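Reader: I've got a fold on my screen and would like to talk through its geometry. Can you walk me through it, cut-offs included?

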Amino acid sequence: MIRKSLATLLLCLLFTGVQAQGEVAQIDPELRRALKEAVTQADSFVDRFDAEVWLMSKSQPLARYIKDPQERMRVLKAVHREATRAGLRPEIVLAVIQIESAFDPYAVSRVGAQGMMQVMPFWKKEIGRPDDNLIDMDTNLRYGCTILKHYIEKAKGNLADALAYYNGSYGRYTYSRKVLDAWAARWR
């Protein structure tokens with residue numbers, strides 16, 4: 001019952017506005033279609049209501065970075081799937097992506113890190129897959145989530161240390177603070 005109520009409340013976020021007499025305006029059909037498709041294809045969630053709640057609650061803050069509702073749903077589903085597969089909280093992965101690339105799948109840093117999670121190309125050689133495309137969102141998320149999980153285990157669960165390892169700045173915590181602040185402000 002609580003799940004249904006929360007899902008219904010979040011679906012109200014789809015509305016484009018309120019009319020003068022307090023009547024609710026029509027739901028944005030593109031966002032409705034994107035959410036419906038994302039929910040029916042979301043295989044990393046416990047159930048449909050969990051999918052609706054999570055996707056809607058993360059769609060709004062992601063709209064700042066990704067305008068197209070269908071693309072937002074595609075990104076959110078992929079992040080949730082890969083984070084869950086790796087045993088990570090998807091919200092932390094969203095915060096990492098925000099800080100690393102601002103959700104730009106084509107981002108390349110000055111040191112050569114690529115994609116949304118800014119994965120260094122040397123990882124492809126390390127695991128013997130030199131032909132992998134780190135600009136491909138799914139590949140990038142698979143690498144990035146696996147690497148982050150490794151560093152969390154290496155840091156014995158200390159997220160600030162793990163994030164510093166991930167960023168290559170262990171011993172300095174500026175990056176860790178940025179990610180944790182983004183997580184607290186936007187994704188938690």
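Reader: Let's begin with helix α5, residues 90-101: what span should its twelve residues have?
Author: Quick ground rules: this is a predicted model, where local features need pLDDT of at least 70, side-chain atom pairs count only at pLDDT 80 or more, and totals for chains, interfaces and linings use all residues. Residues are numbered from 1 along each chain as its sequence is written, and side-chain values use heavy atoms, with hydrogens and water left out. Helices are DSSP runs of H or I with at least four residues, strands are E runs of at least two, and numbering starts from the N terminus; the expected span is 1.5 Å times one less than the number of residues. The end C-alpha atoms of α5 are 16 Å apart, which agrees with the expected 16 Å.

Reader: How many of the residues in α5 are buried?
Author: Buried means under 20% relative accessible area, exposed means over 50%, and partly exposed is in between, using a 1.4 Å probe and protein chains only. The buried ones include Pro90, Ile92, Leu94 and Ser101. Helix α5 is mostly covered, and the count of buried residues is eleven of twelve.

Reader: Which helices are included in what covers those buried residues of α5?
Author: Contact here means heavy atoms within 4.5 Å. The cover on the buried residues of α5 includes α3 (48-62), α4 (69-86), α7 (137-154), α8 (159-167) and α9 (174-187).

Reader: Zooming out, how many helices and strands are there in the protein?
Author: Along the sequence the pattern reads α-α-α-α-α-α-α-α-α. Of the 188 residues, 45% are buried. The tally is nine helices and zero strands.

Reader: Which residue in the loop between α5 and α6 forms an aromatic pair with tyrosine 65?
Author: Searching the whole structure turns up five aromatic pairs, where rings of Phe, Tyr and Trp (its six-membered ring) pair if their centres lie within 6.5 Å; planes under 30 degrees apart are stacked, over 60 edge-to-face, and the rest tilted. One of them is tilted, with tyrosine 65 and its partner 5.2 Å centre to centre and 40° between the planes. Tyrosine 65 sits in the loop between α3 and α4 and the partner in the loop between α5 and α6 (122-126), so the pair ties together parts 38 residues apart in sequence. That partner is phenylalanine 103.

Reader: Is phenylalanine 103 buried or exposed?
Author: Tyrosine 65 has 22% relative accessibility, so tyrosine 65 counts as partly exposed. Phenylalanine 103 has 4% relative accessibility, so phenylalanine 103 counts as buried.

Reader: Which residue in helix α9 pairs with phenylalanine 103?
Author: This pair is tilted too, at 5.7 Å centre to centre with 55° between the planes. Phenylalanine 103 lies in the loop between α5 and α6 and the partner in α9, so the pair ties together parts 84 residues apart in sequence. The partner has 0% relative accessibility, so it counts as buried. Tyr65 and Phe103 form one aromatic cluster with that partner, Trp187.

Reader: Which residue has its charged end over the ring of tryptophan 183?
Author: A charge sits over a ring if NZ of Lys or CZ of Arg is within 6 Å of the ring centre and within 35 degrees of the ring normal. Lysine 154 lies over the face of tyrosine 165, 4.5 Å from the ring centre. Over tryptophan 183, at 4.3 Å from the ring's centre, sits the charged end of arginine 188.
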